[in-house]
2 protein chains.
Amino acid sequence: MKKVQLADREETILRSIIECHVKTARPVSSGAVVRHGPVSLSSATVRNVMRSLEDAGLIHQPHTSAGRVPTDAGYRHYVDHLMEPASLSERERVQIDEGLSQLSGGDLGTIVSGVSRLMSEFSKELAVTVAPATETQIIEQVKLVSLEGRRVLAVATTRAGMTRSAVVSTARWLGPEDLSTATALVTEWVSGESVGQAQDALREHLAELPVPVKNLVARLLAESSPIFHPRGDERIHYEGTRFILRHPEFSADASFLGEIFDNEDELADLVRNRAGDSGVTVTIGRENRRKEMKKMSLVVGSYRVGASLGQMGVIGPTRMKYPRLIGLVDYCSEALGEMLSGRGA
Amino acid sequence: MKKVQLADREETILRSIIECHVKTARPVSSGAVVRHGPVSLSSATVRNVMRSLEDAGLIHQPHTSAGRVPTDAGYRHYVDHLMEPASLSERERVQIDEGLSQLSGGDLGTIVSGVSRLMSEFSKELAVTVAPATETQIIEQVKLVSLEGRRVLAVATTRAGMTRSAVVSTARWLGPEDLSTATALVTEWVSGESVGQAQDALREHLAELPVPVKNLVARLLAESSPIFHPRGDERIHYEGTRFILRHPEFSADASFLGEIFDNEDELADLVRNRAGDSGVTVTIGRENRRKEMKKMSLVVGSYRVGASLGQMGVIGPTRMKYPRLIGLVDYCSEALGEMLSGRGA
DNA sequence: CCTTAGCACTCTCATCAGGAGAGTGCTAAG
DNA sequence: CTTAGCACTCTCCTGATGAGAGTGCTAAGG
């Protein structure tokens with residue numbers, strides 16, 4: 001870890017090593033750099049440079065007389081200084097735009113899963129999409145609609161134009177007038193509150209409600225009802241498992257990948273914590289705290305729905321096509337944000 | 001494939017081989033059968049029996065001087081004739097009942113994912129749950145509810161007590177009276193029809209609708225709107241990827257597992273086609289047509305929601321604990337069916 | 001006729017040695 | 001500072017060897 005500042009030539013060679021290794025998945029020799037790279041130097045000179053890159057902790061030698069493999073720090077330097085995001089081709093942009101516009105009518109769950117599908121198809125990696133948390137959104141109104149029998153549908157809409165809903169069964173049958181008074185009262189109490197606060201507000205006023213609907217509202221507050229529960233509809237969707245299992249680095253032992261896919265809450269947290277407010281964030285290997293992500297990189301972007309942020313990203317081995325994936329995530333998150341911003345209006 | 005009828009002793013030894021192999025994941029030798037099994041015979045005699053079991057195609061020898069491994073046919077014979085489903089312990093039944101009752105308030109999607117989670121936890125295998133197809137269910141009523149702005153929530157309830165919903169944006173704002181006439185008309189046309197037929201019925205009457213709501217109904221019929229689209233809400237949920245990746249048979253090459261997880265539609269079809277109307281169905285290895293399932297077995301059961309069937313099941317290597325898993329799936333599908341049958345009332 | 005002890009046989013698996021190949025590090029000359 | 005040359009190291013592949021496991025066969029015993 002001697003140098004932080006690298007000479008031009010060192011950077012060129014580091015870039016060459018990384019690009020070659022991303023293609024081949026194997027250690028890169030000094031000879032390979034000479035053959036592939038834009039440097040007109042002998043392999044001996046390249047070896048000298050490699051030595052200093054290794055001292056700087058940017059590349060690593062699995063054993064004597066093997067080529068070099070980029071370290072996490074090497075990829076980090078590459079991502080920060082040595083590459084430009086690759087913009088998508090015109091054709092790809094059109095395909096993504098079309099894919100998104102087909103989704104535009106659906107609800108958030110459909111959109112989230114559709115976006116994952118699109119991104120995994122274009123990245124050939126595992127794609128993850130997290131719907132924006134609605135708990136911080138401000139509730140506009142609540143409607144209680146009688147379905148058949150003793151069941152009632154509750155729908156809350158937020159100022160950002162998202163909906164949350166729940167179906168609950170009540171102990172006894174409720175007439176239309178019961179529901180309309182309940183709708184009016186509940187809306188009065190919770191409108192202007194965030195979804196998170198609404199729960200408290202309702203609990204506070206619960207005693208004031210006429211008996212027939214008290215029971216109904218109590219059920220809406222219950223743990224199992226997602227409508228006012230802060231984490232009720234944190235939806236995450238991932239797609240493209242087949243791609244990740246194909247990478248040669250995981251053919252030997254793929255068991256740790258299982259830990260990533262299960263527990264969707266943790267996966268969602270991982271993606272959410274790693275995303276910034278805007279732009280694309282890259283997390284490489286051990287920069288992730290979770291041990292099962294030590295060999296994985298994460299490229300995430302955010303999209304905005306009203307005041308809330310959702311995230312989308314791609315997960316793959318640290319040996320991934322960063323320029324391509326950063327360009328893809330950037331484009332997709334921009335496009336989705338634009339599409340959704342047209343909604344609240 | 002000489003014998004179909006097996007002598008008692010052959011069956012005992014086949015059972016012994018299978019149970020031993022399920023535990024160890026390795027070929028079972030004649031000596032191991034003597035040690036483990038309830039037969040008091042010499043290994044030489046066991047070898048003679050093994051020979052005839054092999055002639056019958058029930059076990060297989062990877063190579064000379066290796067032990068025997070059950071074939072798909074061997075497992076089939078075991079499941080059909082040599083085992084009893086293992087009933088769950090009192091403690092386990094209580095845990096499952098509690099887990100289910102916590103889900104009972106939620107909507108179908110929540111229930112489906114919750115059941116998968118429960119089953120994968122108790123089976124230590126990949127668990128899959130398919131929500132019942134609602135397209136054959138009879139619609140009871142449709143409600144159109146105005147949300148904020150130009151957005152309208154449409155909810156259809158079926159006689160079986162399930163709901164389908166969609167949110168659509170309309171071209172212009174619709175007043176309460178527009179919506180109530182539309183609600184009345186649409187309900188009149190589609191109530192008594194199945195979800196599948198409703199689409200046609202609505203299309204037929206579309207011209208009769210007053211102009212302001214015609215546009216709205218047209219959007220409900222659109223491809224992207226799940227409410228009347230036959231396959232709109234076929235929801236499938238799977239859980240427990242981590243378990244499947246742990247099995248030693250997949251540690252060498254897990255890449256084909258990716259094919260199973262992607263394409264949820266195909267996975268849903270697989271489970272649905274393999275389930276009978278009632279009871280638990282077991283599909284072993286090559287009995288599955290899909291090539292990526294050649295080494296996998298499937299234990300599925302059905303649960304009833306009104307006139308429709310949903311499915312739940314467990315997927316694992318052919319070397320799985322059939323008695324345990326059949327017992328588990330049986331209990332869970334019964335319990336879920338009972339829970340849901342209380343709904344329509 | 002079925003069972004079983006004994007034994008030769010076969011196949012796997014782990015280990016080792018040797019050689020080829022790849023790639024490095026060092027050194028000395030340009 | 002660059003580079004050609006060379007010795008060195010390490011992996012990987014191959015073939016040989018031996019131990020171990022498990023079988024199949026045969027002949028003796030119930």
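Guide: A polar contact is a pair of N or O atoms within 3.5 Å; within protein, one must be able to donate a hydrogen and the other to accept it, and sequence neighbours count only if both atoms are side-chain atoms. This is a predicted model, where local features need pLDDT of at least 70, side-chain atom pairs count only at pLDDT 80 or more, and totals for chains, interfaces and linings use all residues. Residues are numbered from 1 along each chain, chains are lettered from A and ligands numbered from 1 as written, and side-chain values use heavy atoms, without hydrogens or water.

Visitor: How far is a phosphate oxygen of DNA strand C from an N or O atom in the side chain of B:Thr45?
Guide: B:Thr45 is among the closest residues around DNA strand C. The distance from its side-chain N or O atom to the phosphate oxygen is 2.8 Å.

Visitor: Which residue has a polar backbone atom 3.3 Å from a phosphate oxygen of DNA strand C?
Guide: Chain A reaches a phosphate oxygen of this strand through a polar side-chain atom of A:Arg68, at 3.4 Å. The backbone atom at 3.3 Å belongs to B:Ser42.

Visitor: How many residues surround DNA strand C?
Guide: A residue counts if a heavy atom lies within 4 Å of the strand. Sugar and phosphate make up 80% of the strand's atoms within 4 Å of the protein. The closest residues include A:Ser30, B:Arg9 and B:His63, and the full count is 19.

Visitor: Which helix gives the most to the surface near DNA strand C?
Guide: Helices here are DSSP runs (H or I, at least four residues), numbered from the N terminus. Helix 3 (43-55) of chain A and helix 3 (43-55) of chain B each supply at least two residues. With 4 residues, the top contributor is helix 3 of chain B.

Visitor: What area do domain 1 of chain A and domain 2 of chain A bury between them?
Guide: Domain 1 spans 8-82 and domain 2 spans 90-133 + 234-341. Their C-alpha centres lie 28 Å apart. Buried area is accessible area (1.4 Å probe) lost on being put together, summed over both parts. Carbon and sulfur atoms carry 65% of the total, which is about 930 Å².

Visitor: Which residue meets A:Glu287 in a salt bridge?
Guide: The rule (Lys or Arg side-chain nitrogen within 4 Å of an Asp or Glu carboxyl oxygen) finds 1 salt bridge across the interface of domain 1 and domain 2 of chain A. A:Val22, A:Asp72 and A:Arg76 supply 51% of the area that domain 1 of chain A buries against domain 2 of chain A. At 2.6 Å, N to O, the partner of A:Glu287 is A:Arg76.

Technical notes. Domains from an automatic or database assignment. Buried area = accessible area lost by both parts, 1.4 Å probe.
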